[in-house]
Amino acid sequence: MSLSAGARSALTVLVLVLLLLAALLWGWTAVTAPLPTSTAPTEKCVPTEVEKGSTVRPGQVVVSVLNASSREGLAGRTMQLFEDDGYVAGSSGNAPSSTRVAKAQIWAPNPDDPSVQLVRSRLGRGTKVVDTPTTAPGVVVVVGDRFRDLAEGRKAVRVEEDTTICSPPEG
């Protein structure tokens, strides 16, 4: 049984129309589907208890760097210096435009925090710890025009009393 040329053409057009409708339906469901959500942890650091007598090392400390200088990219370069020394990167960017820092400053509520002491040792003598609110994670370092490089600093800090530091999440 053979079909006439007109019937074959009509059948071909019908199959093509069905394929087009199936493709349109698939495309519409793909376009209207919700976007996938990330399963990666969104927190850069989590509160971690450290006991008196233990030590805090760079790998346990999250550092964020803000640029208060006129030098473009200083925060990113400084962050890389901290990462090269084993610290965990928090975030980097520009400090608020009203910020005035000559060399370096740490924004943290507690200058006795062992993670702050460890980071402070890398910024050299005279680095102030200022209780300034910020949304950046970890120990926040603000660098100014006179900042050049990290100092030799300590490799670890002994914890003097039970406290909580901001460490990178496990895994």
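Me: Which residues is phenylalanine 82 in contact with, leaving aside its neighbours within four places in sequence?

Reply: This is a predicted model: local features need pLDDT of at least 70, side-chain atom pairs count only at pLDDT 80 or more, and totals for chains, interfaces and linings use all residues. Numbering runs from 1 along each chain as its sequence is written, and side-chain values use heavy atoms, leaving out hydrogens and water. Contact means heavy atoms within 4.5 Å. On that basis, the partners of phenylalanine 82 are Val63, Val65, Tyr87, Val119, Arg122, Leu123, Val141 and Leu150.

Me: Which element gives the most to the largest nonpolar core?

Reply: A nonpolar core joins buried (under 20% relative accessible area, 1.4 Å probe, protein chains only) Ala, Val, Leu, Ile, Met, Phe, Trp, Tyr and Cys residues through side-chain atoms within 4.5 Å. The largest has 25 residues, with Phe82 among those with the most contacts inside it. Strand 3 (62-67), helix 2 (74-84), strand 5 (104-107), helix 3 and strand 7 (139-143) give two or more residues each. With 4 residues, the top contributor is helix 2.

Me: How many residues does the second core have?

Reply: This core is separate. Leu66, Val101, Trp107 and Ala136 are among its members, and its size is 8 residues.

Me: Which element gives the most to the lining of the largest pocket?

Reply: Helices (H or I, at least four residues) and strands (E, at least two) are DSSP runs, numbered from the N terminus. Helix 3 (114-121) and strand 9 (163-167) each supply at least two lining residues. With 3 residues, the leader is strand 9.

Methods
Buried means under 20% relative accessible area, exposed over 50%, partly exposed in between (1.4 Å probe, protein chains only).
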